Structure formats: C-alpha cells, structure tokens
Amino acid sequence: MDFVEDCLFCKIAAGQLPSKILYQDQDIVAFADIHPQAQHHVLIIPRRHISSMADLTIEEGPLLTQIFVTAQQIAQDLNIDQTGYRMVTNAGPHSGQAVFHLHFHLLGGEQLGSFGRAGR
Ligand code: AMP
Ligand code: ZN
C-alpha cells in the first residue's frame, strides 16, 4: 500500500497536512512531534504506508537501515549525537500505538527516563 486516504502520516508525507519537516527524501520523512516528550522529539516515517513494525518483512531491511542512518544524521543536526538519544517504535494496543503508520520516535536533548511498565 502506498497512500491510505484516512492516514494522518500519509497526509503529512504527501504535504496535505502541515508539519515541521526536518528531513525528507524520496523514501523517508522526518518531522517534529506535535506533543514533544523530550526537548527534541522527531518522528521518522517511511513515505510508503506500513501499519507498524508488525507488518515489516525482510524486504524492508534497506528501508530500515535508511531510517536509522537518517536518525544519526538528524541527531548530528540537532547536536545531540554526543549527549545521546533514543529510538522507539510502538506496535499494537499495549504499546499505546495511536497512529497506524510506522513511525520511529527519536528522543533526546535531555536525560530520558526509564521505560517499560506504565507509571514506572
Ligand atoms: P504513537 O503513540 O507511537 O502512535 O505515536 C503517535 C505520535 O504522533 C504521538 O507522539 C503524537 O504526539 C504524534 N502526532 C499526532 N499527530 C501529529 C501531527 N499532526 N503532527 C506531528 N505529530 C503528531
Ligand atoms: Zn499511512
């Protein structure tokens, strides 16, 4: 699937919804999260619609590498490459996934909390 009509992130990737874009190329878009959970909170998505990591196959290996290398580059641009950062992706109800277009949260710019069970 390439473009899903009622998908928020397909619309952002297509420029049909406004966003603060930090990086884009023919395969990937990176933009600021609208409700930042850290000083820097960037979402990195493939342009192509994939619902979550649960739908990935081995074929997406190069795309995933591109996403991680893009994250390195963005971390350098934001000057957080030395202080450190985190990449997170949610899949399914227990993770709290709210937008069903694969996205990686890139978080940094301050000390991050631990993660795991809710409320800890
Ligand atoms: P998740 O819970 O992993 O599905 O994360 C969805 C993320 O998308 C949340 O961090 C939201 O703050 C973010 N978000 C929702 N709508 C927008 C938007 N229009 N522009 C930027 N980020 C958004
Ligand atoms: Zn989509």
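These exercises work through the fold and the ligand site of one predicted model.

Local features need pLDDT of at least 70, side-chain atom pairs count only at pLDDT 80 or more, and totals for chains, interfaces and linings use all residues. Residues are numbered from 1 along each chain as its sequence is written, chains are lettered from A and ligands numbered from 1 in the order written, and side-chain values use heavy atoms, without hydrogens and water.

**Exercise 1. Lay out the elements of the chain, then check its radius of gyration against the globule rule.**

Step 1. Count the elements: two helices and five strands. Helices (H or I, at least four residues) and strands (E, at least two) are DSSP runs, numbered from the N terminus.

Step 2. Read the order from the N terminus: α-β-β-β-α-β-β.

Step 3. Apply the rule, 2.2 Å times the number of residues to the power 0.38, with the radius taken over C-alpha atoms. For 120 residues a compact globule would have a radius of gyration near 14 Å; the chain has 14 Å, so the two agree.

Step 4. Add the extents. The C-alpha trace spans about 35 × 30 × 30 Å along its principal axes.

**Exercise 2. Describe the shell around ligand 1 by class and by element.**

Step 1. Collect the shell (a heavy atom within 4 Å). It holds 16 residues, and Asp 33, Asn 90, Ala 98, His 103 and His 105 are the closest.

Step 2. Sort by class: nine nonpolar, six polar and one charged. Here Ala, Val, Leu, Ile, Met, Phe, Trp, Tyr, Cys and Pro are nonpolar, Asp, Glu, Lys and Arg are charged, and the others, Gly among them, are polar.

Step 3. Assign elements. Helix H1 (8-13) and strand S2 (28-32) each supply at least two residues. H1 gives the most, with three.

**Exercise 3. Which atoms of Asp 33, Ile 34 and Gly 96 pair with ligand 1?**

Step 1. Set the cut-off: a polar contact is a pair of N or O atoms within 3.5 Å.

Step 2. Take the ligand oxygen atoms. A polar side-chain atom of Asp 33 lies 2.5 Å from one. A backbone N or O atom of Gly 96 lies 3.2 Å from an oxygen atom.

Step 3. Take the nitrogen. A polar backbone atom of Ile 34 is 3.2 Å from a nitrogen atom of ligand 1.

Conventions
A polar contact is a pair of N or O atoms within 3.5 Å; within protein, one must be able to donate a hydrogen and the other to accept it, and residues adjacent in sequence count only if both atoms are side-chain atoms.
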